[in-house]
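Student: I would like to go through the labels given to this structure and ask what each one rests on. Can we start with the cysteines?

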Amino acid sequence: MPGSIKVASYNIHKGVGTDRRRDPARILNVLNEVGADIVCLQEADLRFGSRAAVLPRFLIESHTDYVPVPLDVQHDSMGWHGNAILVRQGIAVESHDIIHIPCLEPRGVVTARVRIGEVGLSVFGMHLDLSGLWRARQAKTIAALGDAARGEGPTVLMGDLNEWRASAGAFREFARHFALLDPGPSFPSRSPLGRLDRILHCDRLRVTDCGVHRSQLATIASDHLPVWAEFMLE
């Protein structure tokens with residue numbers, strides 16, 4: 001049966017806000033404000049040491065209706081190179097995987113196949129390189145993987161693309177297979193100028209709305225604002 005779904009992407013900056021305080025509960029409160037069904041996070045693990053999760057599982061489950069997709073990576077981590085996926089309780093996760101991509105910096109992609117009612121949805125979460133050359137290479141790899149997933153059902157890709165230019169090579173690579181949404185400026189959170197955080201979708205999803213979540217809390221919780229999109233599943 002047709003239905004709707006809301007997705008969001010959020011670079012949580014390891015839980016450190018613009019006031020330089022690390023406050024995981026504040027991040028979770030922002031996610032509750034957004035109210036998405038599926039969230040892709042970037043910088044969800046600490047960068048050094050054990051790369052422990054910024055958002056402990058017990059905190060997620062006690063403060064939100066979300067559960068992390070179990071990516072089966074390092075014991076204390078929630079994500080893969082900082083990328084993680086949260087789904088609202090009741091959404092079935094049928095499969096999940098981590099993907100190595102060409103990189104200069106430590107980068108990776110996370111993916112999950114979830115079921116919304118009778119519809120299966122493939123989700124990809126990513127955080128691309130600071131180098132434009134590497135971003136284009138990464139986009140080509142991810143777009144090809146997403147295109148293969150599209151053969152099994154609707155597919156959505158989300159993340160911090162680290163791209164300031166509308167005519168960038170990364171965008172051209174993604175555009176070969178997917179529609180690129182422009183929710184609006186999301187970085188830096190206090191005075192957003194850069195449209196770094198993006199959502200892409202295949203032609204089996206019909207977008208009904210999209211935007212940037214800008215609240216008083218969101219402007220201080222991270223240096224990025226969350227972006228979101230609503231789709232009809234058909």
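Tutor: The model is a predicted one. In it Cys40 has a relative accessible area of 1%.

Student: Why is Cys40 called buried?

Tutor: Buried means under 20% relative accessible area. Cys40 has 1%, so the label applies.

Student: What makes Cys210 partly exposed?

Tutor: The class lies between the buried limit of 20% and the exposed limit of 50%. Cys210 has 26% relative accessibility, so it counts as partly exposed.

Student: How many disulfides does the structure hold?

Tutor: Zero.

Student: How do you know that Cys40 is too far from the closest cysteine sulfur for a bond?

Tutor: A disulfide needs two cysteine sulfur atoms within 2.5 Å. For Cys40 the closest cysteine sulfur is in Cys202, at 15 Å, so there is no bond. For Cys210 the closest is in Cys40, and that distance is 16 Å, again too far.

Student: Which residues is Leu181 in contact with, leaving aside its neighbours within four places in sequence?

Tutor: Cys210 is one of them, and the others are Arg198, Ile199, His201, Val207, Ala229 and Phe231. Contact here means heavy atoms within 4.5 Å. Leu181 itself belongs to strand 9, residues 179-181.

Student: Is Leu181 buried or exposed?

Tutor: Buried: its relative accessible area is 9%, and the limit is under 20%.

Student: What makes strand 8 mostly covered?

Tutor: Six of the six residues in strand 8, which spans 155-160, are buried. That holds for both directions: Thr155, Leu157 and Gly159 point one way, while Val156, Met158 and Asp160 point the other way.

Student: How do you know that strand 7 and strand 8 pair?

Tutor: Pairing requires at least two bridges. Strand 7, residues 119-127, has six bridges to strand 8, so the two pair, and they run parallel. Within this pair, Met126 is opposite Gly159 of strand 8.

Student: Which element does the chain pass through from strand 7 to strand 8?

Tutor: Helix 3, residues 132-150, and the resulting β-α-β crossover is right-handed. With the strands pointing away from the viewer, the path over the helix therefore runs clockwise.

Student: How many bridges join strand 8 to strand 10?

Tutor: Five, and since at least two are required, these strands also pair. Strand 8 and strand 10, residues 197-201, run antiparallel. Met158 has Ile199 in strand 10 as its bridge partner.

Student: In what order do the six strands of the open sheet lie?

Tutor: The order is 3-4-2-1-12-11, with mixed pairing.

Student: What makes strand 3 and strand 11 edge strands?

Tutor: Strand 3 (66-68) and strand 11 (205-212) each have a single partner strand, so one side of each has no neighbour in the sheet. From one strand to the next, the twist averages 20°.

Student: How do strand 1 and strand 12 run?

Tutor: Antiparallel, with seven bridges joining strand 1 (residues 3-11) to strand 12 (residues 227-233). Ala8 is opposite Trp228 in strand 12.

Student: Which strands does helix 1 lie across?

Tutor: Helix 1, residues 24-34, lies across strand 1, strand 2, strand 3, strand 4 and strand 12, at about 150° to strand 1. Its buried residues include Ile27, Leu28 and Leu31. Just after helix 1, Gly35 has a positive phi of about 70°.

Methods. Residues numbered from 1 in each chain as written. Predicted model: local features only at pLDDT ≥ 70, side-chain atom pairs only at ≥ 80, totals over all residues. Heavy atoms only, no water. Buried < 20%, exposed > 50% of the residue type's maximum accessible area, 1.4 Å probe, protein only. Helix = DSSP H or I, 4+ residues; strand = E, 2+ residues; numbered from the N terminus. Axes fitted to C-alpha atoms, helices over the stretch in contact; angles between N-to-C directions.
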